[in-house]
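Biologist: I would like to learn how to read an interface between two chains. Could you walk me through one?

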Amino acid sequence: MAKGSELKGRIKSVENTRKITRTLEMIATSKMKRAQDRVIAARPYARALSDVISSLYSKELEGDFPLLRQPKTVKKAAIVLLTSNRGMAGGFNANLIKEARTLIKTLESEGTVVELHVSGKKGIGYFRYIGRAMVNQRTDIGDKPSAADAASLVDALMTQFAKSEIDALYVVGAAYKSALASPPHSQRVLPVTPPDKSAGGQKDFLLFPDAGAILSELLPAYVRNAMYKALVETVAAEHVARRTAMKAATDNGGEILNLLRRTYNRARQANITQEIAEIVGGAAALE
Amino acid sequence: MLHISVISPEAMLFEGDSQSVVATAFDGEVGILTGHAPMVTLLGTGTVRVGDGPSFNVSGGFLQVVDNQVRVVTERASKI
């Protein structure tokens with residue numbers, strides 16, 4: 001019967017783990033829905049901004065704006081890596097870190113100095129472990145990133161870019177395409193790539209005060225919005241990944257539980273059968 | 001009739017139809033009625049009032065008019 005009680009203990013333990021994973025799955029599901037809503041709510045702003053920028057932008061303006069500066073050689077680049085503060089999300093953080101490492105490798109092989117800005121405990125933990133210096137470490141951006149969070153990440157970098165202290169800015173996060181596809185994604189945010197001309201309506205607008213002043217106001221907003229978009233999409237992708245991982249864990253727990261229960265019952269039955277055989281044997285011996 | 005939307009990075013704050021919009025542009029108030037020419041103007045710090053709808057406190061951003069569609073796009077907006 002020693003085997004029986006040992007199995008009982010294991011069944012109990014798997015049941016408890018399964019309770020935790022199932023709860024985490026449900027939490028992730030509800031957070032995922034809210035994060036998805038936030039991704040969708042951010043779209044009209046992005047669209048309006050790129051419509052106007054694309055209709056005002058022309059190639060000749062490039063020299064007038066520090067954010068449109070196209071450096072011939074990229075001496076120094078900054079990478080902002082977005083990861084989550086919590087684990088239990090399958091390969092989510094590992095994939096983001098891998099994407100960032102690939103980007104760092106490519107840039108460094110071209111002779112670029114890369115400075116690293118990391119948001120999220122998981123990314124920070126990894127780069128601290130491999131002993132790579134990080135310029136900026138942020139753990140304060142949680143489940144509900146705001147436009148202000150995005151600004152606090154990117155404003156200093158925009159100033160540096162305008163002053164030619166860095167020549168490029170990349171953001172590594174997850175691109176949220178749908179609940180099923182949210183691959184890691186690196187994106188060059190600076191220098192600004194103006195949105196496609198064909199996207200915006202080619203209208204002759206009355207401009208107040210003038211195209212230059214409007215653009216100098218909107219280009220930083222465009223960069224901040226790119227950052228904000230990356231933040232909300234990464235959060236949505238995190239919850240999607242966590243939900244998937246926890247669902248798989250719950251399912252696996254169920255399978256293990258079935259197996260353990262079967263083994264336990266078999267042991268119990270064998271025990272009973274043996275006892276009966278002993279009794280019958282004992283009774284037969286008395287006759 | 002104008003179709004008006006007030007948009008911040010986080011959400012669409014207002015979307016609806018009205019007769020007019022009065023906004024605080026960078027150099028003073030600007031009023032928009034149906035049939036306004038296509039326009040883009042920077043906004044200052046002040047209010048955006050939708051004809052018979054809500055008002056918003058706005059700082060920075062821009063206002064765009066095309067084909068009786070008015071878009072107020074700003075990073076800082078709050079409903080009054």
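Modeller: Happy to; we will go through the contact between the two chains step by step, keeping in mind that this is a predicted model.

Biologist: How many residues does the contact take from each chain?

Modeller: Start with the head count: chain A gives 25 residues and chain B gives 24 residues. Then look at area: about 2100 Å² is buried between chain A and chain B, with carbon and sulfur atoms giving 68% of it. Tyr45(A), Phe205(A) and Phe208(A) supply 27% of the area that chain A buries against chain B, more than any other three residues.

Biologist: And how many salt bridges are there between chain A and chain B?

Modeller: The count is two. In a salt bridge between Arg71(B) and Asp51(A), the side chains meet at 2.9 Å, N to O. For polar contacts, the interface of chain A and chain B has seven residue pairs, both partners at pLDDT 80 or more.

Biologist: Which elements of chain A supply at least two residues each to the side that touches chain B?

Modeller: Those are helix H2 (43–56), strand S6 (206–208) and helix H6 (211–286). H6(A) has the largest share, eight residues. By residue class, that side of chain A divides into 18 nonpolar, two polar and five charged.

Biologist: Which strand of chain B do the bridges join to S6(A)?

Modeller: Strand S5 (residues 39–50) of chain B: three bridges join S6(A) to S5(B), and the two strands run parallel. To find one of these on screen, pick Leu207(A), whose bridge partner in S5(B) is Val40(B).

Technical notes
Residues numbered from 1 in each chain as written. Chains lettered and ligands numbered in written order. Predicted model: local features only at pLDDT ≥ 70, side-chain atom pairs only at ≥ 80, totals over all residues. Heavy atoms only, no water. Contact = heavy atoms within 4.5 Å. Buried area = accessible area lost by both parts, 1.4 Å probe. Salt bridge = Lys/Arg side-chain N within 4 Å of Asp/Glu carboxyl O. Polar contact = N/O pair within 3.5 Å; in protein donor to acceptor, adjacent residues only side chain to side chain. Helix = DSSP H or I, 4+ residues; strand = E, 2+ residues; numbered from the N terminus. Nonpolar A, V, L, I, M, F, W, Y, C, P; charged D, E, K, R; others polar. Pairing = 2+ DSSP bridges.
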